[in-house]
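Biologist: Before planning any bench work, I should like to go through this model with you, one feature at a time. May we begin once it is on display?

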Amino acid sequence: MGCATGTIKYSLFLFNILWGILGLVVLIFGGLGWGAMPNEFAIGILILGSVILLISLFGCCGAIRESPRMLWTYVTFLLILLGLTVAFIILNPRDVFKKYALNVVEKQWELEQTKPGSMDVVQATYLCCGRNSAQDYLNISHWNDSVPASCCKDNNCVNPLNLYTTGCLTKVEDAFADEAKTSRYFEYTVLGFDLVILLLAFILAVHYTNRRRRYNY
């Protein structure tokens, strides 16, 4: 059992390092997504990344110190995280993000009518032009039948081939359709990763608990 226990112990330690890296990735995703989703969701993602990172540190300490109490606490945290991941998959909040992004386009387009440049960030982010197409700018008098630089690749509209002709609403729809596939893969990866670590932590916690009981006797 000693060799097997050592293998599980160091496997758990390694998995927790990877788990911590995943927490950092989630934090980066939440930071980059700020403004592209409701603030409460961005904050939630940042909190999730922080929790994953802290849990990974707790798991590393529990494995190295061979502490049953820390490992059982760690198992409890993993069970909670597992439940939250399953709930996230079932609730599928991506539609909320998409609606938010579409609303941002609508609001910025309304501002564009009176405040030139309001669409610049949206157009630079999604590589699009106008609400529905570049033709939308023809209806705005202060643009004088032209388009803003953000409607063109590298902000260079001298070459007409650089013009983004697709509207931002369509681009947002396409972006979230592509993101859905990647996001689903990421969710199931997190779920599988959690299950593997949970199994290793449970086995190690049971072993160290039984060993401590034998020593106490």
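Biologist: Which helix contributes the largest share of the nonpolar patch?

Modeller: Please bear in mind that this is a predicted model. The nonpolar patch on the surface consists of Leu 14, Ile 17, Leu 18, Ile 21, Val 25 and Phe 186. Its largest share, 5 residues, comes from residues 2–32, that is, from helix H1.

Biologist: Is Leu 18 buried, partly exposed or exposed?

Modeller: Leu 18 lies in helix H1 and belongs to the nonpolar patch, which has about 490 Å² of accessible area together. Buried requires under 20% relative accessible area and exposed over 50%. Leu 18 has 38%, so the residue is partly exposed.

Biologist: How many salt bridges does the count come to?

Modeller: One salt bridge joins Lys 98 and Glu 173, whose closest N and O atoms are 3.4 Å apart. The side chains of Glu 106 and Arg 131 meet in another, at 2.8 Å from N to O. The count comes to 2 salt bridges.

Biologist: How many residues apart in sequence are the parts that Lys 98 and Glu 173 tie together?

Modeller: The two residues form a salt bridge. Lys 98 lies in helix H4 (residues 94–112) and Glu 173 in helix H6 (residues 168–216), so the separation in sequence between the parts they tie together is 75 residues.

Biologist: Where in the chain is Arg 131, the partner of Glu 106?

Modeller: The salt bridge between Glu 106 and Arg 131 links distant parts of the chain, 25 residues apart. Relative accessibility is 27% for Glu 106, which counts as partly exposed, and 25% for Arg 131, which also counts as partly exposed. Glu 106 is in helix H4, while Arg 131 is in the loop between helix H5 (120–126) and H6.

Biologist: Is Asp 145 buried or exposed?

Modeller: Asp 145 is placed in the loop between H5 and H6. Its C-alpha is 9.0 Å from that of Gln 135, 10 residues away in sequence. Over 50% relative accessible area is needed to count as exposed. Asp 145 has 60%, and is therefore exposed.

Biologist: What distance does helix H3 reach from its first C-alpha to its last?

Modeller: Helix H3 covers residues 68–91 and has 24 residues. Its buried residues include Leu 71, Tyr 74 and Leu 78. At 1.5 Å a residue the expected span is 34 Å, and the reach of H3 is close to this, at 34 Å.

How values were computed. Residues numbered from 1 in each chain as written. Predicted model: local features only at pLDDT ≥ 70, side-chain atom pairs only at ≥ 80, totals over all residues. Heavy atoms only, no water. Helix = DSSP H or I, 4+ residues; strand = E, 2+ residues; numbered from the N terminus. Expected span 1.5 Å × (residues − 1). Buried < 20%, exposed > 50% of the residue type's maximum accessible area, 1.4 Å probe, protein only. Salt bridge = Lys/Arg side-chain N within 4 Å of Asp/Glu carboxyl O. Patch = residues over 30% accessible without salt bridge, like charges linked within 9 Å, V, L, I, M, F, W, Y side chains within 5 Å. Areas by Shrake-Rupley, 256 points an atom, 1.4 Å probe, with all protein chains shown as cover.
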